[in-house]
Amino acid sequence: MTDWIATDLDSTLFHRDWAGEGAVAATWHTGAERTPSSWMKAATHRLLETLGKSFALVPVTARDMDSFSRVDVEGLNLHSLAVVANGAVIFGPDGTVDAAWERRMAEILTPWEKKLNVFCEWLIGQSKQKARPRLVMGAGDLPAYLVAKAAPGWWHSEEGQACLLYTSPSPRD
C-alpha cells in the first residue's frame, strides 16, 4: 500500500476515560490479565476500519516503544508503519525498526546522552522528587528525550519555576 494517513494517537484517537457506548479497547496495561487502559470511540473505529482498507494507517506518537507495543485495536493494523518517541523511532512497512533512521538518530543523540542523564538526576534532586522525570529511549540504548511529570500546579510553584529556568548547555560543552 503506497498511500497512507498519519494520525496522532492519544487524545486524538485514544481516550483514557471511557469513550462511550460501543467504545473499542485501544491500549492495554501490562500484567497477567489483559486490561484496557484506553479506548477509541466506536465512530472513530468504524472510520479507521474503512480508511484502513484503502490506506496504510501511520500512528505518529510521543509514546515510547514499550508503550507503543501495548497499542492493539481490533481490526486495525497500526504497527506496520509508525513514528514513535516523537520521531526518534520509525517502523518500516514490515513492522521493524528502520535501521538507517536508527543509525541517523544515534549520530544525533549520542552527544546528548550524558547531558540528558545528568539533567534527569539534577531534576530529581532539585525538585526534591516532586517531579518525576524519565528518559524516553530511542530504538537503541540512547535516550531520545526527557519527560517530567509533577503534581498539578507544581510547575507554577517557586520550586517548579526554578527547575524550568534551568538552561541546558550545548552537547559539546
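## Close-ups of a predicted model

**Figure 1. Ser 127, a residue in a loop.** Let's start with Ser 127, which sits in the loop that links H4 and S8. Keep in mind that everything here comes from a predicted model. Is Ser 127 buried or exposed? Its relative accessibility is 0%, and buried means under 20%, so Ser 127 counts as buried. Look for a polar atom of its side chain: the backbone oxygen of Leu 123 is 2.7 Å away from that atom. Which residues does Ser 127 contact once its neighbours within four places in sequence are set aside? They are Trp 154, Glu 159 and Cys 163.

**Figure 2. Helix H4 from end to end.** This helix takes in residues 113–126. How far apart should its ends be? With 14 residues at 1.5 Å a residue, H4 should span 20 Å, and the C-alpha atoms at its ends are indeed 20 Å apart, so the two values agree. Just past H4 comes Lys 128, whose phi is positive, at about 55°.

**Figure 3. The two sides of H4.** Now pick out Leu 116, Phe 119, Cys 120 and Leu 123, which are the buried residues mentioned for H4. Why do they line one face? Looking down the axis of H4, you'd find the buried residues within an arc of 105°, so they line one face of the helix. On the face turned away from that buried side, you'll find Lys 114 and Glu 121, both exposed. And what do the buried residues of H4 pack against? Their partners are strand S8 (131–137), strand S9 (143–150) and helix H5 (158–164).

**Figure 4. Helix H1 and the strands it packs against.** Helix H1 is made of residues 42–51, and its buried residues are Ala 42, His 45 and Leu 48. Seen down the axis of H1, these buried residues fall within an arc of 125°, so here too they line one face of the helix. Turned away from the buried side is a face with the exposed residues Arg 46 and Thr 50. The buried residues of H1 pack against three strands: S3 (24–29), S4 (35–40) and S5 (56–59).

**Figure 5. Ser 38, a residue in a strand.** Ser 38 belongs to strand S4, which is one of the strands that the buried residues of H1 pack against. Its relative accessible area is just 1%, which means that Ser 38 is buried. What does its side chain make a polar contact with? The partner is the side chain of Thr 27, at 2.5 Å. Leave out residues up to four places away in sequence, and Ser 38 touches Phe 14, His 15, Arg 16, Val 24, Ala 25, Ala 26 and Thr 27.

**Figure 6. Stepping back to the whole chain.** After the close-ups, here's where the pieces fit. The chain has 5 helices and 9 strands. Starting at the N terminus, the order is β-β-β-β-α-β-α-β-β-α-α-β-β-α. The C-alpha trace spans about 50 × 40 × 30 Å along its principal axes. Of the 173 residues in the chain, 35% are buried. What about contacts between residues at least 6 apart in sequence? Of these, 49% join residues at least 24 apart. The chain exposes about 10,500 Å², with 55% of that supplied by carbon and sulfur atoms.

How values were computed. Residues numbered from 1 in each chain as written. Predicted model: local features only at pLDDT ≥ 70, side-chain atom pairs only at ≥ 80, totals over all residues. Heavy atoms only, no water. Helix = DSSP H or I, 4+ residues; strand = E, 2+ residues; numbered from the N terminus. Expected span 1.5 Å × (residues − 1). Buried < 20%, exposed > 50% of the residue type's maximum accessible area, 1.4 Å probe, protein only. Arc of directions from axis to C-beta. Contact = heavy atoms within 4.5 Å. Polar contact = N/O pair within 3.5 Å; in protein donor to acceptor, adjacent residues only side chain to side chain. Areas by Shrake-Rupley, 256 points an atom, 1.4 Å probe, with all protein chains shown as cover.
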